[in-house]
Amino acid sequence: MQKWQEVSQLFDWMKQHGKVSAASYTSFITLMGKGHQTRIALDLYCNLEDEHIKSNVFVCNSMLKCLISNGRVETAFKLFEQMKEGGLNPDIVTYSTLLAGRVKARHGYSKACKLMEDFKGTGLKFDSVMYGSLLALCASHNLDEEAETYFQQMKNEGLPANEFHYSSLLNAYAAKGKHEKAEKLIDDMKSAGLVPNKVVLTSLLKVYARSGLFEKAGELLAELDVSGQALDEMPYCLMMDGLAKAGKIHDAQKIFDEMKAKGIRSDGYSYSTMISTYSKIGNIEEVKRLEEELENIKGKYDLVVMNTLLNAYSRGRDMEYVMRTLKKMDKFKICPDRQTFSILISYFCKEKLYDLAQRTLEDMQVRGHRLTEELCSSVITGLGESGRAEEAFKLYNQLKSNRHTLSKVLHEKILNILVSGRMLKEAYTVMKDVLYIALSRYIEQGKKRELIHLLKWMKNQRYELASSTLNSVLKKLRESGQSDVAEMLSHEFTSSGKQVMTL
């Protein structure tokens, strides 16, 4: 029996005997998060009847951290809104936890800005941890100027910068190759009485490697080695990655061999770097050799390595090794993440294996990941091209039901698929959706001129607004302060002659 199962049994006994409290719920949810049992934790929280415990800030924070640390970021943000409605008063830890969830998310910074607006309305004050999360967020999205602004703001507020803050700003500089600013920051750090530690120096090495300053990067790597601060693979990985991206694959391999010769233990990142490097130049045999070497050394894999291998074999269109890698994930009980699903769906579509692509989408949803247009678009296109318009339309509707704002390109794509498949009734429905979305978008963006042009075009084409749609549009117009357009629409937008289409 696994440890989380024993903890679960103990907690069930505590509930049956009335020995639970907010503290015990917090501890249990935290342990479930560490054991990757998010479903158990989420079911427990959602079924909590004691509103005082359910809105307890420590319980809520542990639940949010459980979800975010296991990749369920969107679920966490949705639950956060429900928590506030249920009486949660978020604290600084709540917001720091949520910010951490946006660090690696796509469009994470823009979404984090919305969260910050919510934070400012609480009256809470930024602390060094919050600034640290913001700096890490900026660094992960290559936003060096924004990172600089937050760093300076933190100093202006009298909050001392620590090694983590300096390291994050250095990482932000690395993305743009701003080595001069990085060196100035190191001088600033020393002037503040701080000694650059291993983390900071490794970040500086990253700046040099990304800037193509391999001589400086090599000198710094040697310094780290002599001082006993290069005992893990990360500094070597950064050097190898920079060299590989500059096309210096032989030099990257040389660093890799030196690392192994020194007996530096690998957690798989260095192998992932070289596997990715060789897959990009089409050397799949070297990828297979590295995989075998890694398995002989470690005897196991992690998600990063598995995703790298899947990507390599998918790029090389090697179905046997793609399926072999998936079996290894099952063998080692490695749970796929969104990147895993993205790699597989892209590969299956490339191979025109649309049934497998659809099953992968279904599995992704079962595991708590939401559908996105980016993932579904290629499947919809493939289904349409293979004459399976009905299935394409079903997937399109699934995306709509998830409250996605779909792009104009996808609307046009599904419309063409439906017309080609002679599903004219469904095409008619999509056309209505597209026109209504266009109306709503122009209203929200205050594009009065474009809105009037569209309304006149619809009238000339003898489209008639259904009363429910008309009322909805009029309401949006008045709420957005465009009463003049609302009055014009109310009095003048009527159909003349035979009605062609009701929107």
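Is Glu148 buried, partly exposed or exposed, and what relative accessibility places it there? In this predicted model, Glu148 has a relative accessibility of 24% and counts as partly exposed, because burial requires a value under 20% and exposure one over 50%. Glu148 forms a salt bridge with Lys181, in which the closest N and O atoms are 2.9 Å apart. This pair links distant parts of the chain, since Glu148 belongs to helix α10 and Lys181 to helix α12 (residues 179-191), with their positions 33 residues apart in sequence. Lys181 is likewise partly exposed, its relative accessible area being 36%.

The chain as a whole contains 29 helices and two strands, and its C-alpha trace spans about 85 × 60 × 55 Å along the principal axes. Of the 503 residues, 44% are buried. Among contacts with a separation of 6 or more, 62% are accounted for by residues 24 or more positions apart. The exposed surface of the chain comes to about 26,400 Å², of which carbon and sulfur atoms supply 51%.

The structure holds 29 salt bridges, and two further pairs can be described alongside Glu148 and Lys181. Lys176 forms a salt bridge with Asp144, with the closest N and O atoms 2.9 Å apart; here too the pair links distant parts of the chain, Lys176 lying in helix α11 (residues 163-176) and Asp144 in helix α10 (residues 144-156), 32 residues apart. Lys176 is partly exposed, with a relative accessible area of 46%, whereas Asp144, at 2% relative accessibility, counts as buried. Glu74 forms a salt bridge with Arg102, again with 2.9 Å between the closest N and O atoms, and this pair joins helix α6 (residues 73-85), which holds Glu74, to the loop between α7 (92-101) and α8 (108-120), which holds Arg102, the two residues being 28 residues apart. Glu74 is partly exposed at a relative accessible area of 32%, while Arg102 counts as buried at 5% relative accessibility. Elsewhere in the chain, Asp257, Lys260, Glu286, Arg289 and Glu293 are linked in a network of salt bridges.

Helix α16 (residues 249-261) has 13 residues and reaches 18 Å from its first C-alpha to its last, close to the 18 Å expected at 1.5 Å a residue. Its buried residues are Ile249, Ala252, Gln253, Ile255, Phe256 and Met259; these cover an arc of only 160° around the axis and therefore lie on the same side of α16. The face turned away from this buried side carries the exposed residues His250 and Ala261. The buried residues of α16 pack against α15 (234-245), α17 (269-280) and α18, and just after the helix Gly263 takes a positive phi of about 75°.

Helix α20 (residues 319-331) can be described in a parallel way, for its 13 residues should span 18 Å at 1.5 Å a residue, and its end C-alpha atoms are 18 Å apart, in agreement with that expectation. Tyr321, Val322, Thr325, Leu326, Lys328 and Met329 are the buried residues of α20; because they cover an arc of only 155° around the axis, they are placed on the same side of the helix. Glu320, Lys327, Asp330 and Lys331 are exposed on the face of α20 turned away from its buried side. The packing partners of the buried residues of α20 are α18 (284-298), α19 and α21 (338-350). Just after α20, a positive phi of about 55° is taken by Lys333.

Within helix α20, Thr325 counts as buried at 1% relative accessibility. When its neighbours within four places in sequence are left aside, Thr325 is in contact with Met306, Leu309, Leu310 and Tyr313. Helix α19 comprises residues 303-315 and also contains Val304, which is partly exposed, with a relative accessible area of 36%. Together with Met234 and Tyr269, Val304 makes a nonpolar surface patch of about 240 Å².

Methods: Residues are numbered from 1 along each chain as its sequence is written. This is a predicted model: local features need pLDDT of at least 70, side-chain atom pairs count only at pLDDT 80 or more; totals for chains, interfaces and linings use all residues. Side-chain values use heavy atoms; hydrogens and water are left out. Patches are made of residues with over 30% relative accessible area and no salt bridge: like charges are joined within 9 Å, nonpolar side chains (Val, Leu, Ile, Met, Phe, Trp, Tyr) within 5 Å. Accessible areas come from the Shrake-Rupley method with a 1.4 Å probe; for residues, only the protein chains shown count as cover. A salt bridge is a side-chain nitrogen of Lys or Arg within 4 Å of a carboxyl oxygen of Asp or Glu. Helices (H or I, at least four residues) and strands (E, at least two) are DSSP runs, numbered from the N terminus. Buried means under 20% relative accessible area, exposed over 50%, partly exposed in between (1.4 Å probe, protein chains only). The expected span of a helix is 1.5 Å times one less than its number of residues. The arc is that of the directions from the helix axis to the C-beta atoms. Contact means heavy atoms within 4.5 Å.
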